[in-house]
Amino acid sequence: GGIMTGKQCSSSSIRYLNQSEAVALDQDLFNEYKFSVDQLMELAGLSVAMAVAKVYPPSLYKSSLIVCGPGNNGGDGLVAARHMKLFGYKVAVHYPKRTPRPLYENLLHQCKNFGVDIVEQLPHPKDLINDYNILVDALFGFSFKPPVRDELKPALDALLDSGLPVCRYSKVIYLLFCCT
Ligand SMILES: NC(=O)C1=CN([C@@H]2O[C@H](COP(=O)(O)OP(=O)(O)OC[C@H]3O[C@@H](n4cnc5c(N)ncnc54)[C@H](O)[C@@H]3O)[C@@H](O)[C@H]2O)[C@@H](O)CC1
């Protein structure tokens, strides 16, 4: 408990969480602070969109592709897509492995309604540069267990081999957001 204290949120004490610390933080947020998944996901996705816009503003990096995985990290990506669209990006989402849960289905539905393009088939990684200026990696979070299964290898290759800037994020981003 007590993870979200002012002291730990000051800029001098920022550091990356490891996998088990991120899981423990998640448990704290659910059990001690009584946040719901939807709440945390909205904060995470909004924080990602804000961080991306700060580093890669839409005036310079107009066209974005968000690669979403099957879990909550992918859900964060779907939320980020919606906010990035509002921030003025052209936004596409690649979401190759969908988990049939209302949470994700509703987020995908919202993306479509907000004018986010859903890209079923990605071009060769080297050709992504023809269509996009930045990529956002929303493939896996702390529940990833290597090695990557074949079904998600093309999505990973897109993130690794395009030569485009790739925005990666972690739990810490929305922790910061929660604390401000
Ligand atoms: N737990 C929560 O409620 C929240 C989590 N958040 C984000 O969600 C992340 C954790 O979410 P999850 O626990 O859903 O998990 P992840 O999003 O890390 O990924 C789990 C999914 O990936 C698949 N997977 C794992 N290893 C794989 C492999 N080697 N090859 C192919 N597929 C693989 C699993 O089958 C599962 O569908 C956090 O890191 C954070 O970014 C935020 O959305 C806020 C709320």
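How many helices and how many strands does the chain have? There are seven helices and five strands, and keep in mind as you look around that this is a predicted model. Reading from the N terminus, the elements follow one another as α-α-α-β-α-β-α-β-β-α-β-α. The chain is 180 residues long, and 33% of them count as buried. Contacts between residues 24 or more positions apart make up 85% of the contacts in the chain with a separation of 6 or more.

A good place to start is the sheet. Its five strands are arranged in the order E3-E2-E1-E4-E5, and the sheet is open with parallel pairing. Strand E3 (117-118) and E5 are the edge strands, each pairing on one side only. As background, strands of a sheet pair through backbone hydrogen bonds, in either a parallel or an antiparallel way.

Let us walk across the sheet from strand to strand. Strand E2 (residues 90-94) runs parallel to E1 and is joined to E1 by five bridges. If you want landmarks here, find serine 63, whose bridge partner in E2 is lysine 90, and isoleucine 66, whose bridge partner in E2 is valine 93. Between these two strands the chain passes from E1 through H4 to E2, making a right-handed β-α-β crossover.

On to the next pair. Strand E1 (residues 63-68) pairs with E4 in the parallel sense, again over five bridges. Leucine 65 has leucine 135 of E4 as its bridge partner, and valine 67 is matched in E4 with aspartate 137. Aspartate 137 also stands opposite arginine 168 in E5, so this residue is a handy marker for following the sheet from E1 to E5. Strand E5 (residues 166-168) runs parallel to E4, with three bridges joining the two. To get from E4 to E5 the chain goes through helix H6 (residues 153-161), and this β-α-β crossover is right-handed too.

Which residues of E4 lie on each side of the strand? Ile134, Val136 and Ala138 are on one side, while Leu135 and Asp137 are on the other, and all of them are buried. That fits a general pattern: in a regular strand the side chains alternate between the two faces of the sheet. Because five of the five residues of strand E4 (residues 134-138) are buried, E4 is largely enclosed by the rest of the structure. The same reasoning applies to E1: five of its six residues are buried, so E1 is largely enclosed by the rest of the structure.

Now turn to the ligand. It is surrounded by 27 residues, the closest being Gly71, Asn72, Asn73, Gly141 and Ser143. Sorted by class, this shell holds 13 nonpolar, nine polar and five charged residues. Helix H2 (19-31), helix H3 (37-55) and helix H4 (72-86) each provide at least two residues of the shell. Which helix gives the most? H4 does, with five residues. You have already met H4 on the path from E1 to E2.

H3 deserves a visit of its own. At 1.5 Å a residue, its 19 residues should span 27 Å, and the C-alpha atoms at its ends are indeed 27 Å apart, so the two values agree. The buried residues of H3 are Leu40, Met41, Ala44, Gly45, Leu46, Ser47, Val48, Ala49 and Val52.

In helix H2 you can find valine 23. Is valine 23 buried, exposed or partly exposed? It has 15 C-beta neighbours inside 10 Å and therefore counts as partly exposed. The C-alpha atoms of valine 23 and tyrosine 104 are separated by 20 Å, and the two residues are 81 residues apart along the chain.

Two spots in the loops are worth a look at the backbone. In the loop between H2 and H3 sits lysine 34. Phi of lysine 34 is near 60°, a positive value in a residue other than glycine. Lysine 34 has 8 C-beta neighbours inside 10 Å, so it counts as exposed. The other spot is the loop between E4 and H6, where proline 147 has its place. Proline 146 and proline 147 are joined by a cis peptide bond, with omega about 0°.

Terms used. Residues are numbered from 1 along each chain as its sequence is written. This is a predicted model: local features need pLDDT of at least 70, side-chain atom pairs count only at pLDDT 80 or more; totals for chains, interfaces and linings use all residues. A residue is near a molecule or strand if its C-beta atom, placed from the backbone, lies within 6 Å of it. Helices (H or I, at least four residues) and strands (E, at least two) are DSSP runs, numbered from the N terminus. Ala, Val, Leu, Ile, Met, Phe, Trp, Tyr, Cys and Pro count as nonpolar, Asp, Glu, Lys and Arg as charged, and the others, Gly among them, as polar. The expected span of a helix is 1.5 Å times one less than its number of residues. A residue is buried if 20 or more other C-beta atoms lie within 10 Å of its own, exposed if 12 or fewer, and partly exposed in between; C-beta atoms are placed from the backbone. Two strands pair if DSSP finds at least two bridges between them. A crossover is right-handed if, with the strands pointing away from the viewer, the path from the first strand over the helix to the second runs clockwise. Two residues are in contact if their C-beta atoms, placed from the backbone, lie within 7 Å.
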